[in-house]
Amino acid sequence: MSLHREAGPAVGGSRYLYDSFDAAAARIEANERVAEERWSALAYRLGQIEATLERMEKRIWLAVYGVAGFLLAQGANTLLAAANH
């Protein structure tokens, strides 16, 4: 009985026992997938921030026009009051 295994096709067992495993390549691929997910999450968050800033800008302009309208109404009221005296 021989202690050495004869060369030939592998019989039974896991393929991981015979196939080589490149840990560095697997780690790089995993890091690339993580980086892609982070970039997509960052793009999503930036889109949300831009939408929020646009809504805030609309509200600020509405406030500015409101104050300008109030000041014009006060000025017109003062002119009308002065014209009646």
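Glu 37 is found in helix 1. Helices (H or I, at least four residues) and strands (E, at least two) are DSSP runs, numbered from the N terminus. This is a predicted model, where local features need pLDDT of at least 70, side-chain atom pairs count only at pLDDT 80 or more, and totals for chains, interfaces and linings use all residues. Residues are numbered from 1 along each chain as its sequence is written, and side-chain values use heavy atoms, without hydrogens and water.

The chain has one helix and zero strands. Trp 39 also lies in helix 1, which covers residues 23–84.

| Residue | Relative accessible area | Class |
|---|---|---|
| Glu 37 | 57% | exposed |
| Trp 39 | 62% | exposed |

Exposed means over 50% relative accessible area, buried under 20%, and partly exposed in between (1.4 Å probe, protein chains only). Of the chain's 85 residues, 0% count as buried.

Each of these two residues belongs to a surface patch. Patch members have over 30% relative accessible area and no salt bridge; like charges are joined within 9 Å, nonpolar side chains (Val, Leu, Ile, Met, Phe, Trp, Tyr) within 5 Å. A salt bridge is a side-chain nitrogen of Lys or Arg within 4 Å of a carboxyl oxygen of Asp or Glu.

Glu 37 joins Asp 22, Glu 29, Glu 32 and Glu 36 in a patch of negative charge. Asp and Glu count as negative. Trp 39 belongs to a nonpolar patch, with Leu 42 and Tyr 65 among its members.

Note on methods: Accessible areas come from the Shrake-Rupley method with a 1.4 Å probe; for residues, only the protein chains shown count as cover. The place of a charge is taken as NZ of Lys, CZ of Arg, CG of Asp or CD of Glu.
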